[in-house]
Amino acid sequence: MAKKERLVAAIQNGTVIDHIPAGKTFQVVNLLGLTTLETPVTIGCNFESKKLFRKGIIKVEDKFFTDEISRLSVVAPNIVLNIIHNYEVVEKKTVITPDELRGIVKCNNPKCITNNEPMDTLFHVVNKENGILKCHYCEKEQDINKVELV
């Protein structure tokens, strides 16, 4: 049996974002503003995956994400964040879509109050499996895969 080799170099401290659907990798990069960071960022696309067939992986040195995570769930639910300290995974978090999305996605109803007044949007996730969101204000349902981020 051949020794398994790493396709991407290990990082000492930071976050590894794994199991990104291959076509969503650069959306995640943009959403997290990774091109503006001063620390090293490694982006990998189209790696083999048992779960996804093809996946993306992003390694961000010396950066630990907090508030941005709920935004990630809109673009790529079920990705895994690995928190790395001293080259070891100390915590794994699977990003799941929360029950509510506040100020993250735009309502696609032009008559919705959120598109006509300066206020945050609020969506209830009414069906996580199929990615169905419902606007709290106008009650219009939207597909999470077709929403526009605020």
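# Reading a predicted model: how the labels are earned

There are two helices and eleven strands in the protein. The model is a predicted one, and a trainee and a mentor talk it through.

Trainee: In what order do the helices and strands come along the sequence?

Mentor: The pattern reads β-α-β-β-α-β-β-β-β-β-β-β-β. The C-alpha atoms fill a box of roughly 60 × 35 × 25 Å along the principal axes. Of the 150 residues, 37% count as buried.

Trainee: Let's try one residue. Why is Asn82 called buried?

Mentor: Its relative accessibility is 6%. Buried means under 20%, so Asn82 earns the label. You will find Asn82 in strand 4, residues 80-85.

Trainee: Which residues is Asn82 in contact with, leaving aside its neighbours within four places in sequence?

Mentor: Gly14, Thr15, Val16, Asp18, Val89, Glu91 and Lys92.

Trainee: And what makes the pairing of Asn82 and Lys92 a polar contact?

Mentor: The side chains of Asn82 and Lys92 are joined at 3.3 Å. The cut-off for a pair of N or O atoms is within 3.5 Å, so this pair qualifies.

Trainee: Now the interior. Which residues have the most contacts inside the largest nonpolar core?

Mentor: They are Ile17, Val28, Ile58 and Leu72, in a core of 17 residues. Strand 1 (14-21), helix 1 (25-31), strand 3 (53-61) and helix 2 (68-75) each supply at least two residues of this core. Apart from this core lies another, of twelve residues, among them Leu101, Val125, Cys135 and Val147. In soluble globular proteins, nonpolar side chains tend to be buried together.

Trainee: What is Ile58 in contact with, beyond its neighbours within four places in sequence?

Mentor: The list includes Thr15, Val16, Ile17, Ile20, Val28, Leu34 and Val41.

Trainee: Which residues of helix 2 are buried?

Mentor: Ile69, Leu72, Ser73, Val74 and Val75. The buried residues of helix 2 pack against helix 1, strand 4, strand 6 (100-102), strand 7 and strand 11 (148-149).

Trainee: Let's move to the surface. Why is Tyr137 called partly exposed?

Mentor: Its relative accessible area is 35%. Partly exposed covers the values between buried, under 20%, and exposed, over 50%, so Tyr137 belongs there. Tyr137 lies in the loop between strand 9 (132-135) and strand 10 (141-143).

Trainee: What makes Tyr137 eligible for a nonpolar surface patch?

Mentor: A patch residue needs over 30% relative accessible area, and Tyr137 has 35%. Ile113, Met119 and Tyr137 form the patch, with about 250 Å² of accessible area together.

Trainee: Thr114 is in contact with Tyr137. Is Thr114 buried or exposed?

Mentor: Thr114 has 9% relative accessible area, and the limit is under 20%, so Thr114 is buried. Thr114 sits in the loop between strand 7 (105-106) and strand 8 (122-127). Its contacts beyond four places in sequence also include Cys107, Met119, Asp120 and Thr121.

Trainee: What is notable about the phi of Tyr87?

Mentor: The phi of Tyr87 is positive, about 65°, although Tyr87 is not a glycine. Most residues other than glycine have a negative phi. Tyr87 lies in the loop between strand 4 and strand 5 (88-94). At 48% relative accessibility, Tyr87 counts as partly exposed, because exposed requires over 50%.

Trainee: And what about His19?

Mentor: His19, in strand 1, has a positive phi of about 60° and is not a glycine either.

Conventions:
Residues are numbered from 1 along each chain as its sequence is written. This is a predicted model: local features need pLDDT of at least 70, side-chain atom pairs count only at pLDDT 80 or more; totals for chains, interfaces and linings use all residues. Side-chain values use heavy atoms; hydrogens and water are left out. Helices (H or I, at least four residues) and strands (E, at least two) are DSSP runs, numbered from the N terminus. Buried means under 20% relative accessible area, exposed over 50%, partly exposed in between (1.4 Å probe, protein chains only). Contact means heavy atoms within 4.5 Å. A polar contact is a pair of N or O atoms within 3.5 Å; within protein, one must be able to donate a hydrogen and the other to accept it, and residues adjacent in sequence count only if both atoms are side-chain atoms. A nonpolar core is a set of buried Ala, Val, Leu, Ile, Met, Phe, Trp, Tyr and Cys residues joined through side-chain atoms within 4.5 Å. Patches are made of residues with over 30% relative accessible area and no salt bridge: like charges are joined within 9 Å, nonpolar side chains (Val, Leu, Ile, Met, Phe, Trp, Tyr) within 5 Å. Accessible areas come from the Shrake-Rupley method with a 1.4 Å probe; for residues, only the protein chains shown count as cover. A salt bridge is a side-chain nitrogen of Lys or Arg within 4 Å of a carboxyl oxygen of Asp or Glu.
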